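Reader: I should be grateful for a close look at a single part of this model, namely one place where two helices cross. Please set that part in the context of the chain around it.

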Amino acid sequence: MLYNSKFLFIIAIFFILLFNYIFLIINNGMYWDDWVLVFENIEHIVKVFQQTGGNGFVGYLHYFMIHILGIWSYKLFTFVLIIISGICLYKILQNIEKLTDIDRISISIFFMIYPLFHTKAFLINFPYTLMSTLFFLAFYFMTKYINNKKHYINYILALIFLYFSFFVQSILVFCFIIFMYIVYIEKIQGSKTIIYILKKNILFLSAPFIFFIIKSLYFKPYGLYSGYNQININYIIHKLMLTFNVSYIKFWKYENFYFIIAIIFLISIVYFIKNKTINFTLFLKNTNKYITLLILGISIFLLATFPYIAVNKIPQLLSMNDRLQVLFPLPFALITYSLISIISIYQKKIIIFSVVIVIIIFTYFNNRQYLYLLQDSIYQDAFMLNVKENNKIYSNSIFIMRDNSTKLNIHSRRKGAYEYAGQLRKVFGDDKRFIIEKDFFLENNKSLDYVKHIFENKEYAHYNYSNVKFGEPTHFIDLQVIKELTLIEILSLSILRYNNENLYNESVHKLIKLNVERIKNNDTINCNNTI
């Protein structure tokens, strides 16, 4: 009976995860730098990643997944890696005796589904998910070694996974949480001083410093990425507060979610007043526990944030910089769970109720964002279907385009020239066309110098327009949105994409309209009338 209950509980957690990520899993779309990756030969893709600072193996990984496993493998493996990270975290938390089963399970679920880093759906961002999972695997195997130091295989595995995880360089700082854990556990086991603990674990604890020194000396960014991630610690306190605001507070302000938390607090007070059997000794004990948990969450947030703000990057929800939130699920899970435990006044029934409500909120938000990603992909399909039948685009090379579908892109991002070029390459099978977005063209003072620089710089040869002959744009493309989709329509079309491709193409084709006209009377320079 107990076995059946545990099995059913595991199944329930799996379905919670599935409900949060189902629209990620079925999304076969490509975004942003993905359009560069998919057409890349193995030599060039490895070279580009090598320029970022010795990350050439990431190029091999991308090539293998795209050309051997297929694009869908990214989405499936992302889901699997999230589960593996969550299991590792749960196993780690089992070693902390002060936490209850409800604490461990709730924190682990929050960790796996916290509404962050939705651009994990991008192929280019897969290494962030992979390396963070390798970190939690390293953490898990280190805890196993600490519990039984005779099993050296756990120590070796921890070191291997840790070194590979450092290719997301923010983990070099984030891994300090393992040191915090080691000190905590070793103290419990009777170790007297931190110096003694350091000596016992010197090989593991020195790993981030060794990696950083080797990378700094022999694997500096160069080429396209020369000067990449230069340190700038000005206004660091301001940037920390800004990051917390645009990553954590911003979510709870979204559609007034904080009102739900306020309602939970009111229910807790009423329940607290009516319940005459409150154990105040237990109440004070839990106060210390959850405040400690809250402080721990804030401390880990600082470790997760510092590497990015130190290079002047701000992790932000609902932006292209949300990939920088890759390490935020753990601190935000701890902060959120400790806060709802505190406002629930440590009453078990209210805590469970609050956890369920927060899971529902997270699930709603995640599904909404992953549906918007599907919408982005659908309008890309609409563009390519319309391009396919346009002889003017087929017969010419350089275009200026007014894209009125920008607000329908995920995070309302403006597409890069390489994205348009990648989509044209997919349609026509060659890299002989180049589109520059109208607003970008105007922002560069109507000058073609930047365009010329792109064509002449061999480092950009992989951007899907290496066979375009430089010249002034000859045609203007006006992309008009005929219909904006509701969330239900996005879901229906996403299902139709797999069930009936012909009907899907017919439906999607009608979503936009392309008007292509030759640029006349020096409009390229004046940017009047036509543009």
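Author: A crossing is called left-handed if the near helix is turned anticlockwise from the far one by less than a right angle, and right-handed if clockwise. By that rule, H18 passes H23 in a left-handed crossing. Helices here are DSSP runs of H or I with at least four residues, strands are runs of E with at least two, and both are numbered from the N terminus. This is a predicted model, in which local features need pLDDT of at least 70 and side-chain atom pairs count only at pLDDT 80 or more, while totals for chains, interfaces and linings use all residues. Residues are numbered from 1 along each chain as its sequence is written, and side-chain values use heavy atoms, with hydrogens and water left out.

The axes of H18 and helix H23 (residues 487-499) come within 9 Å and cross at roughly 60 degrees. Such axes are lines fitted to C-alpha atoms, for helices over the stretch in contact, and the angles run from 0 to 180 degrees between N-to-C directions. H18 and H23 are therefore oblique to each other; angles under 35 degrees count as roughly parallel, over 145 as roughly antiparallel, 65 to 115 as roughly perpendicular and the rest as oblique.

From H18, the contact (heavy atoms within 4.5 Å) draws on Arg 368, Leu 371, Tyr 372, Leu 374, Gln 375, Ser 377, Ile 378 and Asp 381. Their partners in H23 are Leu 487, Ile 490, Leu 491, Leu 493, Ser 494 and Arg 497. By class, the contact of H18 with H23 has 8 nonpolar, 3 polar and 3 charged residues. In this scheme Ala, Val, Leu, Ile, Met, Phe, Trp, Tyr, Cys and Pro are nonpolar, Asp, Glu, Lys and Arg are charged, and the others, Gly among them, are polar.

Asn 27 also touches Leu 374 and Ser 377, and its further contacts include Leu 373, Lys 75 and Tyr 498, residues up to four places away in sequence not being counted. Asn 27 lies in the loop between helix H1 (2-25) and helix H2 (34-37). With a relative accessible area of 1%, Asn 27 is buried; buried means under 20%, exposed over 50% and partly exposed in between, for a 1.4 Å probe and protein chains only. Asn 27 and Trp 72 are 45 residues apart in sequence, yet their C-alpha atoms are 7.5 Å apart in space.

Another residue to follow is Phe 428, in helix H20 (residues 417-428). Phe 428 is buried, at 17% relative accessible area. Leaving out residues up to four places away in sequence, Phe 428 touches Val 387, Lys 388, Ile 393, Tyr 394 and Arg 433. The C-alpha atoms of Phe 428 and Val 387 are separated by 9.1 Å, with their positions 41 residues apart along the chain.

The largest nonpolar core is a set of buried Ala, Val, Leu, Ile, Met, Phe, Trp, Tyr and Cys residues joined through side-chain atoms within 4.5 Å. Of its 159 residues, Phe 135, Phe 174, Phe 204 and Phe 383 touch the most other members. Helix H18 (residues 348-388) supplies the largest share of this core, 18 residues.

As for the chain as a whole, its secondary structure comes to 25 helices and 4 strands. Buried residues make up 54% of its 531 residues. Among contacts with a separation of 6 or more, 80% join residues 24 or more positions apart.
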